[in-house]
Amino acid sequence: MISIVGSGRVGSTLAMILVQRNIDDVTLVDIIPGLPEGEALDLSHMAAELGIDRKIIGSNDYSALKGSDIVVVTAGLARKPGMTRMDLLTKNAGIVKSVSQEIAKYASESKIIMVANPMDAMTYVALRTTGFGKKRVFGMGGMLDLSRFKELLARKLNVSRMSINALVIGEHGESMTPIFSNSSVNGIPLSKFVSQTQIVDEMVEETRKIAAKVIELKGATFYAPANGVARMIEAVIYDKKAVLPVSAYLEGEYGISGICIGVPASIGIEGVEKIIEIEMSQKERESFERGAKTLKEAISSLSL
Ligand code: NAI
């Protein structure tokens, strides 16, 4: 069973994807009276027509989390136009801490996928609060940054989205780090299509800024984020060992310890099964380390 705490835009969209893809039973939890039950009913009606016999439940009671294999945390404030993800730090840390206590109480065997922003810091809050092992608590942000980077590359290079292999790691925030050295068009280096100097700086900037543009235009982002989480859930449920960018707790990898930050990792039934260390250009490494520093400062400002 997949549980989703927070039945707002990202949570309800994720529930819809999970039901449509017939991935698992789905439980929605929220503090707004009626909202999760309403979402569950609406989704059940869709499932009935599709002939999908998954249990879909909505509740305001955290005890509904009992039996969860994965709990996705989409509960928290979302940024408004002009805000950075870090502006949500203190308020969402309080929400994520209380949600994590409930997860530890009712779903002590589950894995947690964090979505609430600032996501890397919130992943750390959930890890510390639940006391779960580091393989079981990880965050979605890199998958979304990667979607955006892929779309930019496909458009810029005028090739199919399917041909793009790319990677974005680091902080899911102002220092997100698209990795050009490891990105290609089906194995063909990007330099065959366009000169490095022409694209690198402007595409890094565009990847970082595009979320703010979507928020300005439509108030929030939820289709691409929900899809990113669904991909991670599939990797766990089907034990795919898929190598995906996820926010994971580092203990010496990349020369960093004590924070959660986006890194490529093999994701399977145990959660984060192996963190993969890659080579980076000097500029990429500087960006990655700048994000790590920001996150270290952010979590040290929290009382956990
Ligand atoms: P939303 O406002 O539509 O939904 C949030 C829901 O959480 C609301 O229904 C609210 O009632 C609920 N909630 C608040 N406190 C709760 C609690 N203690 N227990 C249960 N439910 C609670 O927001 P949206 O757009 O769905 O975004 C959710 C979060 O995800 C935000 O923090 C946003 O910044 C973040 N986000 C992260 C992304 C990522 O890539 N990691 C991408 C998009 C959004």
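In the predicted model, D239 lies in the loop that connects helix 7 with strand 12 (242-251). The phi angle of D239 is near 45°, a positive value in a residue other than glycine, and D239 is the residue with positive phi that follows helix 7. With a relative accessible area of 31%, D239 is classed as partly exposed, because this value falls between the 20% limit for buried residues and the 50% limit for exposed ones.

Helix 7 itself comprises residues 223-237, and its 15 residues reach 21 Å from the first C-alpha to the last, close to the 21 Å expected at 1.5 Å a residue. The buried residues of this helix are P225, A226, G228, V229, A230, M232, I233, E234, A235 and V236. I233, which lies in helix 7, has a relative accessibility of 0% and therefore counts as buried. When neighbours within four places in sequence are left aside, I233 is in contact with I2, L14, L18, I23, I70, V72 and I113. One of these partners, I2, stands 231 residues from I233 in sequence, although the two C-alpha atoms are 8.4 Å apart in space.

The contact between I233 and V72 leads to the interior of the model. The largest nonpolar core contains 85 residues, and V72 and I233 are the members that touch the most others. Residues of both domain 1 (2-140) and domain 2 (142-300) contribute to this core, so the core lies between the two domains. Apart from this core lies another, of 18 residues, which includes L152, L157, I164 and V194. Again leaving aside neighbours within four places in sequence, V72 is in contact with I2, S3, I4, V5, L14, I113, V115, V229 and I233. In soluble globular proteins, nonpolar side chains tend to be buried together.

The division of the protein chain into domain 1 (2-140) and domain 2 (142-300) also frames the description of the contact between the two parts. The C-alpha centres of the domains lie 22 Å apart, and the contact takes 38 residues from domain 1 and 52 residues from domain 2.

Within the range of domain 1, helix 2 (residues 35-50) has 16 residues and reaches 23 Å from its first C-alpha to its last, close to the 22 Å expected at 1.5 Å a residue. The buried residues of helix 2 are P36, A40, L43 and A47; viewed down the helix axis, these buried residues fall within an arc of 75°, so they line one face of the helix. The elements that cover the buried residues of helix 2 include helix 1 (9-20), strand 2 (26-29) and strand 3 (56-59). On the face turned away from the buried side, helix 2 carries the exposed residues L41, D42, H45, A48 and E49. Just after helix 2, G51 adopts a positive phi of about 75°.

Two further backbone features are located in loops. N117 and P118 are joined by a cis peptide bond, with omega of about -5°, and P118 is found in the loop between strand 5 (111-114) and helix 4 (119-130). N158, a residue other than glycine, has a positive phi near 60° and is found in the loop between helix 5 (142-157) and strand 7. The relative accessible area of N158 is 70%, and N158 is therefore exposed.

Strand 7, which bounds the loop that holds N158, belongs to an open sheet of three strands in the order 7-10-11, with antiparallel pairing. The edge strands of this sheet are strand 7 (164-165) and strand 11 (188-189), each of which pairs on one side only. Strand 10 (residues 184-185) pairs with strand 11 in the antiparallel sense over two bridges, and S184 stands opposite P189 in strand 11.

Notes. Residues numbered from 1 in each chain as written. Predicted model: local features only at pLDDT ≥ 70, side-chain atom pairs only at ≥ 80, totals over all residues. Heavy atoms only, no water. Core = buried A, V, L, I, M, F, W, Y, C linked by side-chain atoms within 4.5 Å. Buried < 20%, exposed > 50% of the residue type's maximum accessible area, 1.4 Å probe, protein only. Domains from an automatic or database assignment. Contact = heavy atoms within 4.5 Å. Pairing = 2+ DSSP bridges. Helix = DSSP H or I, 4+ residues; strand = E, 2+ residues; numbered from the N terminus. Expected span 1.5 Å × (residues − 1). Arc of directions from axis to C-beta.
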